[in-house]
Amino acid sequence: MLSSKTLAPYMRRYTIRIMLFMAAYVLILSGSLAFANNGAEHGKATLIGLALITAFPIIGVFWAIFRLLVETDDEYQRLLFAKQTLLATAFTLVIVTVWQFLEVYGVVTAGPQWMGVIWFAMLGLAAPITRWKA
Amino acid sequence: MKNRLKVLRAERDWSQQDLADALGVSRQSVNAIETGKYDPSLPLAFRIADLFELTIEAIFVRD
């Protein structure tokens with residue numbers, strides 16, 4: 001049973017997972033960048049390994065978000081979370097599409113990058129929109 | 001879908017939070033159901049009906 005003073009168990013698990021993955025991200029990113037820029041020559045396999053290791057905690061955050069959708073036992077909250085992730089995905093696709101064509105027409109030199117970060121930002125933007133008047 | 005949740009709650013002197021705690025959902029969810037913004041699933045409707053010791057159709061009414 002829920003209490004107004006405590007987090008629901010599914011939300012507590014989500015919060016712990018996010019904090020762990022974000023802490024891991026900061027540690028792995030700083031360690032990997034320091035290693036990659038230590039002046040030594042690194043082989044392609046090493047750099048691919050560093051990229052995969054750095055991506056791991058971000059993939060973990062995606063997993064935590066989708067576990068939240070599975071584990072939320074409050075059906076209305078689950079609906080709101082589902083709407084939030086869909087809206088974040090839609091916003092991200094809009095940004096990617098426009099960015100891609102800006103690159104096609106030579107307005108910008110690089111195409112869409114940091115999609116995960118953009119999606120997380122859009123997830124944050126989608127939260128109040130989804131929950132406004134909910 | 002219309003419902004009599006607010007009246008039934010008032011009869012028992014329950015707050016939205018009391019009902020939410022009894023159902024194991026958030027207060028926001030109770031509010032959404034009560035104001036007709038969200039129609040509960042059949043399992044949740046049965047839980048609500050069991051809690052008030054009524055039938056589902058005695059609580060939820062077609063528009």
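**Briefing: domains, helix packing and cores**

Chain A splits into two domains, domain 1 (1-73) and domain 2 (75-134). The model is predicted. Its largest nonpolar core draws on α3 (75-104) of chain A and on α2 (16-23) and α3 (27-34) of chain B. Two residues other than glycine, A:Trp114 and B:Asp13, have a positive phi.

**Domains of chain A**

- The C-alpha centres of domain 1 and domain 2 of chain A are 20 Å apart.
- Contact between them involves five residues of domain 1 of chain A and six residues of domain 2 of chain A.
- On the domain 1 side of this contact, four residues are nonpolar and one is polar. No charged residue takes part on that side.

**Helix packing in chain A**

- Two packed helices are described by the angle between their axes and by the distance between those axes.
- Helix α1 (residues 9-36) of chain A packs against helix α2 (residues 44-71) of chain A.
- The angle is about 170°, and the axes lie 9 Å apart.
- Angles over 145 degrees count as roughly antiparallel. Therefore α1(A) and α2(A) are roughly antiparallel to each other.
- The contact of α1(A) with α2(A) has 18 nonpolar residues, alongside three polar and three charged ones.

**Nonpolar cores**

- The largest nonpolar core holds 16 residues.
- A:Tyr76 is one of the residues with the most contacts inside this core. From chain B, B:Ala20, B:Leu23, B:Val25, B:Val30 and B:Ile33 are also in that group.
- The elements giving two or more residues to this core are α3 of chain A, α2 of chain B and α3 of chain B.
- Another core, of five residues, lies apart from it. Among its members are A:Trp119, A:Met122, A:Leu123 and A:Ala126.

**Positive phi outside glycine**

- Most residues other than glycine have a negative phi.
- A:Trp114 has a phi near 55°, a positive value. A:Trp114 sits in the loop between α3 and α4 (115-131) of chain A.
- A residue with 12 or fewer other C-beta atoms within 10 Å is exposed. A:Trp114 has 9 C-beta neighbours inside 10 Å, so A:Trp114 counts as exposed.
- B:Asp13 has a positive phi of about 60°. B:Asp13 lies in the loop between α1 (5-11) and α2 of chain B.
- B:Asp13 has 7 other C-beta atoms within 10 Å and is therefore exposed.

Note on methods:
Residues are numbered from 1 along each chain as its sequence is written. Chains are lettered from A and ligands numbered from 1 in the order in which they are written. This is a predicted model: local features need pLDDT of at least 70, side-chain atom pairs count only at pLDDT 80 or more; totals for chains, interfaces and linings use all residues. Domain bounds come from an automatic or database domain assignment. Two residues are in contact if their C-beta atoms, placed from the backbone, lie within 7 Å. Ala, Val, Leu, Ile, Met, Phe, Trp, Tyr, Cys and Pro count as nonpolar, Asp, Glu, Lys and Arg as charged, and the others, Gly among them, as polar. A nonpolar core is a set of buried Ala, Val, Leu, Ile, Met, Phe, Trp, Tyr and Cys residues joined through C-beta atoms within 7 Å. A residue is buried if 20 or more other C-beta atoms lie within 10 Å of its own, exposed if 12 or fewer, and partly exposed in between; C-beta atoms are placed from the backbone. Helices (H or I, at least four residues) and strands (E, at least two) are DSSP runs, numbered from the N terminus. Axes are lines fitted to C-alpha atoms, for helices over the stretch in contact, and angles run from 0 to 180 degrees between N-to-C directions. Angles under 35 degrees count as roughly parallel, over 145 as roughly antiparallel, 65 to 115 as roughly perpendicular and the rest as oblique.
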